[in-house]
Amino acid sequence: MKFQIEDVTVYFPYDHIYPEQYAYMLELKRALDAKGHCLLEMPTGTGKTIALLSLITSYVLSKPHNPVKLIYCTRTVHEMEKTLAELNLLHNYQTTHLGDRAKILAVGLSSRKNLCVNPRVLAAENRDSVDAGCRRLTASWVRAAAAANPNVPTCEFFEEYERAGSSAVLPPGVYTLQDLRAYGKKKGWCPYFLARHMVQFANVVVYSYQYLLDPKVAGIISKEMQRESVVVFDEAHNIDNVCIEALSVSVRRQTLEGARRNLNKMRQEIEKFKATDAGRLRAEYNRLVEGLAQRGNLALTDTWLSNPALPDDILKEAVPGNIRRAEHFVHVLRRLVQYLEGRLETENVEKEGPVAFVSSLNTHAGIDQKTLKFCYDRLHSLMLTLEITDTDEFLHIQTICDFATLVGTYTRGFSIIIEPFDERMPHIPDPVLQLSCHDASLAIKPVFDRFQSVVITSGTLSPIDLYPRLLNFHPVVSRSFKMSLTRDCICPMVLTRGSDQLPVSTKFDMRSDKGVVRNYGRLLVEMASIVPDGIVCFFVSYSYMDGIVNSWNENGLLKDIMQHKLVFIETQDVVETTLALDNYRKACDCGRGAIFFSVARGKVAEGIDFDRHYGRLVIMFGVPFQYTLSKILLARLEYLRDTFQIKEGDFLTFDALRQAAQCVGRVIRSKADYGMMIFADKRYSRHDKRSKLPGWILSHLRDSHLNLSTDMALHIAREFLRKMAQPYDKAGGSSSKTLLSQEDVEKMSDGNFNEMLY
Amino acid sequence: MATRHLIKRAKYKTTAKGSGIPGVLEMTKNKIAFKPNDPTSVTMINVDFRSIKGHKNTKEGSSNPPLINLVLDQGGSYIFEFENFSDLQVCREFVVNSLAKSGEGLIATSDKPVVASHDEQLSTAEMELRMKLLQENSELQKLHKQFVLGNILTESEFWATRKKLLDGDSSQKSKQRIGFKSSMILDTLPLHDARTNKLTFNLTQETKYQIFALKPAVQQAFLNLVPNKMTEKDFWTKYCRAELLHYKRNAMAAAAEAAEDEDLVIFLKDDDILASEARRKIRRVDPTLDIEADQGDDYMHLPDHGIFRDGSKEITESQHELYRRTFLQDLNRQGEVVLEGRTIDVELDNPTNVAEALAQSRQESDATAKEERLYRTSRMTEMEDLQAPHDHPFTPLCIKDPRDYFDSQQANALKTYDDTRAGTEQLSCSLNSEEAYGFLRRSISEIEAMGLSAHMVRPEVALTVINGLTQNISSTKYQLGKNVHESVLDGLPNTTKEELLHYWTSIQELLRHFWSSYPITTSYLYAKTEGSHVKNLSAAGGNKGIGSLRAPPAGFSPCSSYASGSRCCFSTLRVGSAKENGKGWRETKWICLGGVY
């Protein structure tokens, strides 16, 4: 359908539109007009993505003099695939209605591991070895050597791509990773470098958060994005965690041992070069004297993870004299490693700020702050000079240099925590030194500064006023949308008691109680017997899930559960989890029905949808609080309290409830879908916990559903499922429209929009 | 009744290939006689039907000449070649009937329906199936008794219209395999007796199969080791020992034991076959749920980057990781196996066979359509209720209350019925007593004038009555719930009603056979419709069926039988004749009417 939002003609690929989508587009359009940032919370299952994509593409179409590029960030690769599939649908619609004018280029970008088509490189198991394998074939010195000696192997796809030169371009269209690979194979061009090249010209780029937020990656990929871009962070409720992780480094014993090996290797290399090609080292020295830490224009293939510090904080000055010479630099690193080893030999937990750490480093090892700051760039330069291709072997020393650069650059917002062992396993010594970032606004600040509009959107951004504080920005539009439902297709319940009327909870003192475990099990058995197709269960942690499944097995409850449905479980092995998910879907498709056990904060909770028959019921066993004894968490809470005046308890509850809401929100895809949500913990009935849930869940949580026992929940579930099985009027009753047709939308633009909506 | 006597030209042959002796084949109720044309020939056959065990004949349309082979009880056979297939058919019919009768004679007292063993070449299984069907369905049994044993239809004709019954049942038996239980993994685990602290492993053939299916490495090891290196018993003992170590969840002990016994390693460490299979499968996984690709894109979690110890990550003892297999992994694996279902069709007696068959099936099962996957993802991305529905090849079923559905169906049927008879019934119902009396008097005077002829009620009238009564049977008989509209039928006494229903089903059956012969493409079919059937119909209907209506039972108003309109019967006929053109339609009407009377 086609309609007007103020001065923009929106092309929307469906015949109908939800009022929420219309309102969402309206707010988004205003934010774009104002060239400012915005924060939009819209319930899951109301078609956020498609509304956003169609508005922005239509916006560009109606203002051709002002080409805006869309940078769409997803958390995961599979979400990227979903987004591109929706974009493809939209693009097909727009080109059939507008012809070639609507043609755009949309590219999904991922790592070499997901894009490479060279079978020799792909044979490597993990991401780092794929990267190194690629470098081994494509680094500029390797290619130079291959030009002289045809026996040196190169990558035929990359060579072909280089040969094609500037004619190697992608024709307009929407390219998923699969499409890129297929196109690369067909043309014989390397899809990875082709995609990276095309990112500059594409109208829409879809990639993962870290390509913008993590300075190590953003430095190479997103350097050249123009200011007139709209950056969208989808499913952004966890964005603060991503930001702090991007700037955190941890050093363990294994890291230091590895770093030592790396340094020895480098030393040997330096000796070798001194004997054979001393000129090269001298050239590097001269370059560093001139103040060029980086070697000007690097060949595309030589780029490596870039500086871990944020672009604004990197010094544009000459490398200090004491590390200009290669052997001096190696020596400095050696002293650093030695110092860190000394610090790891501690009996107690230590916590200090970066300033204290740097000064102690200066007194003990004689390395000053400025030297630390240049460590990363100096290492990078040295590795290029030494022509090291197997970067995966040198990750350890790289970590040390990351650490050094970060600790030398930042004086606030970080702390260094040294723990001799894990609290949960005090008998196993495993010392770790962690540089942890507490301030999420640091990593995202360059993004807000650089781009004219940044859109942060998710189904769970409650409380919506907290995010601007955490991320330190000022949105021009900040809005939370309610969900208008044709029928009550979501049914949240709070289960506080088991069938024996005893309270259930995952509180620390109750979680291992046999009665609680049994009550949780009985709940699942009963639900499995009445709910059709798929059921998803979320537990608070892997270890809790492991424990509870084993005890269900011992007391026979698991057998009862499996009599009704097949059981699949998320494990820490991603391959296994992916296959389990695939099988889970198969089981739901074929009608056998299945239960998926998953973990809140896990990979599955992060981005897998359990919509339609893949999830008719979600059970959240317990409240997914973070591990509160974690030193890092305590340090972060302290920082939040001191800088933002956010109370510890509030933040912990907020964090737990956004995870819970995220887990249960995965069941709804559209208004035609339906699903139940059970919060199985007595703590959810308390107002301070419950009120942190997003509004669209709260508005369907009836007072009578706040304090249920298993049998009452069962009764409600039966009633609900029966009600949902009835046919209904999709457009909603006469009182409030929940589905708008073309005419409705046209009527609405006369200004009585709000009237129609509420 | 069917022909009692049959004479055909035929050639007598000793073998199917020979030229044979031309002559005349004469069949009577009990005997078969063959007289050669050449009076000098010595070949004269005169046998009793009772000495004939069975018969075979060539199929119409095959390249062979029309032959019939009568197999004798004592061994040996007579082969006759006919001039054409229609002769053969007629003869075959005759033989079948005669044989049936002679067979019936043998077991005349038996009440069980006899399924003729002498029809075509039936396997015993099929025979049993037919027997079973007849026993289960008394109505069918009645029909069978009436038509097949009454020589109206042949056995094969009777069953030909019920292919679905036969097929459905047999396919159910042969094709459907029983899948695995959803909780099958629990069968393969040891039972723990807390009182005596004993673990019991219970290995049956079935559990061995399940173990092989769950753990390809064990199956592979079995093929490699048994019986060359160890006996089957040793193998399973070792397996149980490994499981015991597992059960204890002591990775350290497992590692120690594995170091001592190299065979034990196979059971303890991760399954390589599964791992490689997983790598293969992961490439075909739906990209919208591929978490693995995600890991490949994650530069945030480079080793030692990001936050290492904030409690969200779990801790495992990295040592002896090799010997750690969790129950959760096993559960995932069992889910996969259950979904795959049983892939082999081997008796479970011998574990070696099972292991081999499994290995084979594993190699075979490697094909999934990528297109289907793409289709699924594209459908997944669409928002269903924003879009006009996709064209479904079916109308969505929407039944709120089953009674509503069936009532509406019946209302439809009644409506068409009303249309066809154009309200005549109402007229008949509104007859007052005087008119009824008048009718009665008239018929009495008719009888007085003509005497009590065979046809007390005029044929048209009888037909109308039976049609009027049975019109709604098809809907009312299978009605769920109570019929709101009381039909005339319910007013009849039970015995009459049942009788009536029986005649109705009989007529339906015959009509079905009749119409299934259309279009008449072969002479045999012509003969079938023209000859025996029509007569049979009259035999079935005329003799008893309509006859019983001669004396209307109490409460049944004869007046309604005068309701004019033989059109009623057309609506029944029309069922079968939808494809017929107008001309054919008129003809058939005649045949039918002539048939019944």
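Me: In this predicted model, which residue of chain B does K113(A) form a salt bridge with?
Reply: Look for a Lys or Arg side-chain nitrogen within 4 Å of a carboxyl oxygen of Asp or Glu. Here K113(A) pairs with E292(B), and the closest N and O atoms are 3.7 Å apart.

Me: How many salt bridges does the rule find across the interface of chain A and chain B?
Reply: Just one salt bridge turns up there. For polar contacts, the rule gives six residue pairs across the interface, with both residues at pLDDT 80 or more. Helix 25 (residues 574-589) of chain A gives the most to the side that touches chain B, with 14 residues.

Me: And how many residues does each chain put into the contact?
Reply: Chain A puts in 113 residues and chain B 67 residues. Buried area is what both parts lose in accessible area on being put together. For chain A and chain B that comes to about 8,100 Å², with carbon and sulfur atoms giving 58%.

Me: Now helix 14 of chain A: how far does it reach from its first C-alpha to its last?
Reply: Compare the reach with what 1.5 Å a residue would give. Helix 14 (residues 253-276) has 24 residues and spans 35 Å, close to the expected 34 Å.

Me: Which residues of helix 14 are buried?
Reply: Buried means under 20% relative accessible area. Among those in helix 14 of chain A are L256(A), L263(A), M266(A), E269(A) and F273(A). Their cover includes strand 9 (249-252), helix 15 (278-289) and helix 16 (326-344) of chain A.

Me: What does UniProt list for residues 7-285 of chain A?
Reply: An unreviewed UniProt entry lists "domain: Helicase ATP-binding" there. That span is 57% helix and 13% strand, and its end C-alpha atoms lie 59 Å apart.

Technical notes:
Residues numbered from 1 in each chain as written. Chains lettered and ligands numbered in written order. Predicted model: local features only at pLDDT ≥ 70, side-chain atom pairs only at ≥ 80, totals over all residues. Heavy atoms only, no water. Helix = DSSP H or I, 4+ residues; strand = E, 2+ residues; numbered from the N terminus. Expected span 1.5 Å × (residues − 1). Buried < 20%, exposed > 50% of the residue type's maximum accessible area, 1.4 Å probe, protein only. Contact = heavy atoms within 4.5 Å. UniProt positions renumbered as here; feature names shortened; annotations may be inferred. Buried area = accessible area lost by both parts, 1.4 Å probe. Polar contact = N/O pair within 3.5 Å; in protein donor to acceptor, adjacent residues only side chain to side chain.
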